[in-house]
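Trainee: Got a minute to go through this one with me? I'd like to start with a pocket.
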Amino acid sequence: MKKNINLRSLAAQTVEQVVEQGQSLSNVLPAMQLKVSDKDKALLQELCFGVLRTLSQLEWFIHKLMSRPMTGKQRTLHYLIMVGLYQLLYTRIPPHAALAETVEGAVAIKRPQFKGLINGVLRQFQRQQDELQAEFAQTDVRYLHPSWLVKRIKQAYPQQWEAILEANNQRPPMWLRVNRNHHSRDAWLALLAEAGLTGFPHADYPDAVRLETPAPVHALPGFDEGWVTVQDASAQGCMTYLQPENGEQILDLCAAPGGKTTHILEVAPEANVMAVDVDEKRLSRVYDNLKRLGMKATVKQGDGRFPEQWCGEQQFDRILLDAPCSATGVVRRHPDIKWLRRDRDIPELAQLQSEILTATWAHLKPGGTLVYATCSILPEENSQQIAAFLQRTPDAVLSETGTPEQPGKQNLPGTEEGDGFFYAKLIKK
């Protein structure tokens, strides 16, 4: 049955659900991948990620090539043309095959009468490709980000904004975390080499390994046995500041999907960890991660603004607050973020972060450590958030991360290094 599935039409429908219905790619894509054979899953992913990475460029080309856009019930065809353009621009698929498969996509979505139109638009693009690309390179759209986000990044990083946008448009590296309870990082790197793969250690984060080339997890030595976990280097940086110890009561708040929960337990296997997240569905991934690694934690569904509802009066030695944020630091990993986020979301998120931080602080023991972390690069959610908290919280002291005037440590997205990420380590007097 899977043989007759048209991959391009599935990619078009996936992108349409993300852009038109505001759904997350990580929610839509797995269900679509079930419809294709294992060998086609990677291509479907590449087409969806690629179209979303370059969406504004493909939109601009269509605007140039068509007198009026496809709307209403024909809207899926608009995204099918994008899939065709993306293949011609960015993949090694032979143009004749890309064209033929994309045109057939119209049949798969029951619009066979549009085959001629799709073929015509894509062939016209082939004829005009060089001049269209030259013209596009002079436009404001060339950064492949919405204008509001370009403006915010420019404002926050007047020297580095173009490098940040460029990094966001790259494919992300694949970072792994070696489980120190099974092997040292060097020992696992030797096993990786035996498996015919190459990895590089991170200079600052002791468990982090970057693969030279991304690989499926089943190719990684001991993945099923819990020897290694897929986790970006910057996310691993949280442990540098949290420094969990055995026997402590530790809260991991906003914990799903559980990467940091399990990292805490790798560093301190005898810590008492409570993992809390507001999203019940995503908590299933926390259970999955704990099970694969053979670990135990108390897992609860709960809202970070109201800790008394899920922990009563309990006090913690350490708290990791991986706050809900704009995710503007992980755009290269989740290109749909660029098109799902809105400018108005930023003040709303900053307010939510502030409420969670204040509520959680009351559950930290005197002398305890709270690490506030986000995968954002926007100051409103990061340094400004912490500066305001320090001003209104007399028993909070900033430690190891920045200065009271410029609090926190900000990682920016880099081509080889980790994602954009922010940390602030706070000690309670």
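Mentor: Sure, and keep in mind that this is a predicted model. In the second largest pocket, α9 gives the largest share of the lining, with 3 residues.

Trainee: Which helices each supply at least two residues of that lining?
Mentor: α5 (75-90) and α9 (161-168) do.

Trainee: And which residues lie nearest the centre of the second largest pocket?
Mentor: Tyr90, Leu144, Glu166, Asn169 and Gln170, out of 13 lining residues. The lining splits into 5 nonpolar, 3 polar and 5 charged residues, and the pocket's volume is about 310 Å³.

Trainee: OK, switching to the sheet. In what order do the strands run?
Mentor: It's an open sheet of 4 strands, β2-β3-β1-β4, with antiparallel pairing.

Trainee: Which strands stand at the edges?
Mentor: β2 (199-201) and β4 (228-230). Each has a single partner strand, so one side of each has no neighbour in the sheet. On average, neighbouring strands are turned by 35 degrees against each other, ignoring direction.

Trainee: How many bridges are there between β1 and β3?
Mentor: β1 (residues 175-178) and β3 (residues 208-211) pair over 3 bridges. Leu176 sits opposite Val209 of β3.

Trainee: Now helices: at what angle do α4 and α7 cross?
Mentor: Roughly 115 degrees, with the axes of α4 (residues 55-65) and α7 (residues 115-136) coming within 10 Å. The crossing is right-handed.

Trainee: Which residues make the contact?
Mentor: Among them are Trp60, Phe61 and Leu65 from α4, and Val121, Phe125 and Leu132 from α7. By class, that contact has 7 nonpolar, 5 polar and 2 charged residues.

Conventions:
Residues are numbered from 1 along each chain as its sequence is written. This is a predicted model: local features need pLDDT of at least 70, side-chain atom pairs count only at pLDDT 80 or more; totals for chains, interfaces and linings use all residues. Side-chain values use heavy atoms; hydrogens and water are left out. Axes are lines fitted to C-alpha atoms, for helices over the stretch in contact, and angles run from 0 to 180 degrees between N-to-C directions. A crossing is left-handed if the near helix is turned anticlockwise from the far one by less than a right angle, and right-handed if clockwise. Contact means heavy atoms within 4.5 Å. Ala, Val, Leu, Ile, Met, Phe, Trp, Tyr, Cys and Pro count as nonpolar, Asp, Glu, Lys and Arg as charged, and the others, Gly among them, as polar. Two strands pair if DSSP finds at least two bridges between them. On a 1 Å grid over the protein atoms alone, a cavity is a set of points where a 1.4 Å probe fits but cannot get out, and a pocket is an open set with protein on both sides within 12 Å along at least five of seven lines; lining residues have an atom within 4 Å of a point. Grid points are joined across faces, edges and corners, and a volume is the space filled by probe spheres set on the points.
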